[in-house]
Structures are given as structure tokens and as C-alpha cells.
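The exercises below are to be worked through with the sequence and the 3D structure at hand. Each consists of a task sentence followed by a solution in steps.

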Amino acid sequence: MICKPTRENLARAASLLMKGDVVAFPTETVYGLGADATNEGAVKKIFEIKGRPNNNPLIVHLPSFSEVQRHLSSLGNNKMVDLVEKLSVFWPGPLTVVVPKLNTISSLVTGGGDSLALRVPKHPIAHTLLEMTGLPIAAPSANLSQKISPTTAEHVLDQLGDRVPMILDGGQTTIGLESTVISLLDPLCPTILRPGAISLESLSITLGITVASITTTGREDSSLAPLASPGLMERHYAPVTTTKFLSSVDLWSLPPIRIGLLAFREGLHLDFDFAAIRTVSANCNLIEVAHNLYSALFELDHSELDLILVDSCDESGLGVAIMDRLRRATAKDW
Ligand code: TXA
Ligand code: MG
């Protein structure tokens, strides 16, 4: 059920979480499906509802950097804690750090692995839930496994329906793409596992060392990515409708099928008879493209099309994350 974030509903959501139930809530990136990270029964519900393979670890959300520090105090790895401290300038915000697993967190959360992903979200609703419960909250994106991440409460309802007792409605999320995930497991070589709104360049500058990226160094080797991060499977973030890059097809030789267009700028291919067009930005402003991308894909996927064609952008800054998601959306089924 979709609920407005009134004081009463926030209190109800907090009590659902504290008694081991799940709640969907907005963050500044995408909507999350949250549960108490210290309660194995609660975490199991997340995997069941999403249909997520249980070797795919979850991100644990904490209310502040000082809570992160408190959790990391048992690690005794000063070099790594230093790096997290430097990166804390991006918190609260769309950055997730991968550190060695902590004893306080169930191995269900970490997908059976030895590492743990941590994030301090910025959205006031997410923050209120973390403060009210006092719990670390495990939350993947609130979509079915491998489908489009939700950027509105209605997207969550469409995919997860009444399997979630409560969906807190915070309107459309601001950023629109999932957080940047950076692994600090090798403190000498921090590595981006998933690009997002915090770019490789700003991470490198902040850390004072060159940050690597598995999406540029390892993605072509399909045996590498799933090992580093099981969630980085090739086909992901995908509409049900076949989706291709506009630049990869010869528009004029396609058979007479219903084709939809996702455009990054106005006036693109208006001479072609598209069955549906969604223009996510007037002039390829990447912040707008990211903000509207999943909503547009979601709408096109619900427009009874045979094919969705998507625009592309330069792969710099936020463009890296946008093109990463679109490449996954257009990847063929294995
Ligand atoms: O913006 C976000 O990060 C959203 C909001 C709700 O916070 N969450 C999100 O979670 O996108 P999820 O589960 O949909 O994606 C998390 C990604 C997955 O690809 C997962 O495999 C990876 O992070 N991940 C989680 N823990 C990891 C770990 N310990 N080591 C490597 N990758 C990890
Ligand atoms: Mg996800």
C-alpha cells in the first residue's frame, strides 16, 4: 500500500521494521526495500520478495558517518578507515563503500561473502527511518531482480504490489540512478564496482589516488564482474520489451512494428513514425537524463511496444553511469 510520509505513517513504518517486516521507502537515488540488517528473518523476506539470488549481497544503510565509524571500529584496519573518512565528504549521499565484513552483520546480508557495503543516504524519509529505528537497514532497490529500479512509489507498487506491507511515498527521487559503489577491500587500489552520480574523477581527487573501475577494466571479461560484485550481471536494469540503442539499428529498414523512442534531446528523429516518444531532457542535460531515465523506460515498457530504441550520451561524468545502465538494459538475455 502506498502511504504518505505523515508522522503516523513514519512511526508505523519504523515499528514494522523493528518487528522484522519490510518497508519500501525513497532515497535520493532510487526507492529501497528495507529491513533490519541484524534480523535474519527480515533480511530473508527481501530476497524472497525480489526473487534475488541469495549470493547477491545487500547494501546496509546507516544514519551518519559517526555510525559508520562506530561499526568500523572493530576492523582495526587504519588505512581503510582513513579512506572511508576521506570519502565521508560525500555522505549523506549517493555513495556506497565496500569494506570487510563485520561480525555484527548477518552473512545473509553479505550474500555469504566476506565484504559489506555501507551507505549513508540523504533523503529525509530514509534518514528519519534510520533515526527512529536505531537499526542498520539493509535495502536493495525495490524492484524485482534484474528489472528497472523504481524512482516513484507507483513503480514499486507495480513491481512488488501487496508483497510489501507499506510503500512510503516521497515523490520522484532526485538523482534517479543507483549509488556509486566503490570497493576499498584493497586500500591501495580502490575500485568502482558500479558507476553512479559520484564520478571516478571526484573519487580520485578526494582520495588522492587513482581509482580503478571494474566497469572499464573488467566488464568485457564476463567471468570477472560477477565475482567482484554478483549484482553486476550483464543483463540488468532491463525493461521486458526488447531494448536497443538507436545508433545500433537502421531505423528505415525495420519491419512495421510498434517502436518507442527514449530521446535525450528534443527534435530527435521526428520524421519517423514512432508509436511513443519520451524525451527526458530538452538538450541532453545529464542530470535531467538520469533523473527521468527509469521513469521513461518504465512508461515505454508499459506502452505495448515491440521495440524500445534508446539515445546515447558521452561517457564522461554522469554519462558513464547512464551508459552503463543502458548497456545492461540493451544486453541480450544470456
Ligand atoms: O542507490 C542505491 O545504492 C540503492 C538505494 C536503495 O540505496 N540500493 C541499491 O541496492 O541499488 P541494490 O541491492 O539494488 O544494488 C547494490 C549493488 C548490487 O549490485 C550488489 O551486488 C552490490 O551493490 N553489492 C552489495 N554488497 C556488495 C559487496 N559486499 N561487495 C560487492 N558488491 C556489493
Ligand atoms: Mg538493484
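**Exercise 1.** Decide whether Ser202 is buried, partly exposed or exposed, and place Ser202 in the secondary structure.

*Solution.* The relative accessibility of Ser202 is 25%, and because the partly exposed class lies between 20% and 50%, Ser202 counts as partly exposed. This value, like the others here, comes from a predicted model. As for its place, Ser202 belongs to helix H7, which covers residues 200-207. A further step relates Ser202 to Ile277: the two are 75 residues apart along the chain, and their C-alpha atoms are separated by 34 Å.

**Exercise 2.** Describe how helix H10 packs on helix H11.

*Solution.* Two packed helices are described by the angle between their axes and by the distance between those axes. For H10 (residues 286-301) and H11 (residues 318-330), the angle is about 20° and the axes are 9 Å apart. Because angles under 35 degrees count as roughly parallel, H10 is roughly parallel to H11. The crossing of these two helices is left-handed. In the next step, consider the residues that meet: H10 contributes Leu286, Ile287, Val289, Ala290, Leu293, Tyr294 and Leu297, while H11 contributes Leu318, Gly319, Ile322, Arg325 and Leu326. Sorted by character, the residues of this contact are 10 nonpolar, 1 polar and 1 charged.

**Exercise 3.** Carry out the same description for helix H1 and helix H5.

*Solution.* The axes of H1 (residues 7-18) and H5 (residues 124-133) come within 9 Å and cross at roughly 55°. Since this angle falls between the limits for roughly parallel (under 35 degrees) and roughly perpendicular (65 to 115), H1 is oblique to H5. The crossing of H1 and H5 is right-handed. On the H1 side the contact is made by Leu10, Ala11, Ala13, Ala14, Leu17 and Met18, which meet Ile125, Thr128, Leu129, Met132 and Thr133 of H5. The residues of the contact between H1 and H5 divide into 9 nonpolar and 2 polar, with no charged residue.

**Exercise 4.** Explain why Cys313 and Cys284 are too far apart for a bond.

*Solution.* A disulfide is a covalent bond between the sulfur atoms of two cysteines, so the distance between the sulfurs is the quantity to examine. The cysteine sulfur closest to that of Cys313 is in Cys284, at 5.5 Å, and because a disulfide requires the sulfurs to be within 2.5 Å, this is too far for a bond. A search of the whole structure likewise finds 0 disulfides. As a last step, Cys313 has a relative accessible area of 11%, which means that Cys313 is buried.

Note on methods:
Residues are numbered from 1 along each chain as its sequence is written. Chains are lettered from A and ligands numbered from 1 in the order in which they are written. This is a predicted model: local features need pLDDT of at least 70, side-chain atom pairs count only at pLDDT 80 or more; totals for chains, interfaces and linings use all residues. Side-chain values use heavy atoms; hydrogens and water are left out. Axes are lines fitted to C-alpha atoms, for helices over the stretch in contact, and angles run from 0 to 180 degrees between N-to-C directions. Helices (H or I, at least four residues) and strands (E, at least two) are DSSP runs, numbered from the N terminus. Angles under 35 degrees count as roughly parallel, over 145 as roughly antiparallel, 65 to 115 as roughly perpendicular and the rest as oblique. A crossing is left-handed if the near helix is turned anticlockwise from the far one by less than a right angle, and right-handed if clockwise. Contact means heavy atoms within 4.5 Å. Ala, Val, Leu, Ile, Met, Phe, Trp, Tyr, Cys and Pro count as nonpolar, Asp, Glu, Lys and Arg as charged, and the others, Gly among them, as polar. Buried means under 20% relative accessible area, exposed over 50%, partly exposed in between (1.4 Å probe, protein chains only).
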